[in-house]
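I opened this model to look up how its strands are arranged and what surrounds one acidic side chain. My notes follow.

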Amino acid sequence: GRIGTASALRAKSFGMNVVFYDPYVSDGKDKALQVTRVNFLNELLEKADIISIHTPLTDETISMVNTKFFKNVKENLILINTARGKIIDFDALYNAMRDNLVKAAGLDVLPQEPPDINHPLIQAWMAEEKWLSGRLLITPHSAFYNRESYIEMRKKAAEEALRVLNNENP
């Protein structure tokens, strides 16, 4: 998608070897972007040092990042999720970080917002427990918010309203 493509291009600009898995993207996208496509998720998990998630939340993707997922990753994985919180099974992430399968995680979204302060991962993060120190970054999903995005949102809303007033499909 748009965000995954933008992330891939940015990663490439830092000299990263970009590999992606998406069964719904048409053939040729990898060639156009000059990135590598894998046909099976496990191929990606075996290769990736960093996994950045850019997928919508669907029945297929709820808890997609789960215990089975973590059993197939390279050790010392860095996991980034800016998509939807419920894509990651939070208990599985906690265990994967405790077991050092996941070196670090950056989360812009959580399975429950505001966060469940009784979840062991959130408790360890809030208590700044030594085993988790410097390994978990949590930001608010509103991190996109800036002057330019505010103007763009208002402009797009006005354009959609005008379409409806002109009897066009939104």
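**Sheet and a buried aspartate**

I started with one pair: S52 stands opposite I80 in β4. Strand β3 (residues 50–53) and β4 pair in the parallel sense over four bridges; two strands pair if DSSP finds at least two bridges between them. Strands here are DSSP runs of E of at least two residues and helices runs of H or I of at least four, numbered from the N terminus.

The model is predicted, with local features needing pLDDT of at least 70 and side-chain atom pairs pLDDT 80 or more, while totals for chains, interfaces and linings use all residues. Residues count from 1 along each chain as its sequence is written, and side-chain values use heavy atoms, without hydrogens and water.

Next I looked along β4 (residues 77–81). L77, L79 and N81 point to one face and are buried (under 20% relative accessible area, 1.4 Å probe, protein chains only). I78 and I80 point to the other face and are not buried.

I then followed the neighbours. β4 and β5 pair in the parallel sense over five bridges, and three bridges join β5 to β6, also parallel. The open sheet of four strands has the order β3-β4-β5-β6. Its edge strands are β3 and β6 (136–138).

Last, I checked D108, in the loop between β5 (102–107) and α6 (120–126). D108 is buried yet has no salt bridge (side-chain nitrogen of Lys or Arg within 4 Å of a carboxyl oxygen of Asp or Glu). The nearest side chain of opposite charge, R84, is 7.6 Å away. I did find a polar contact of 2.8 Å between the side chains of D108 and T139 (N or O atoms within 3.5 Å, one able to donate a hydrogen and the other to accept it; residues adjacent in sequence count only if both atoms are side-chain atoms).

Note on methods. Buried means under 20% relative accessible area, exposed over 50%, partly exposed in between (1.4 Å probe, protein chains only). Lys and Arg count as positive and Asp and Glu as negative; His and the chain ends are not counted.
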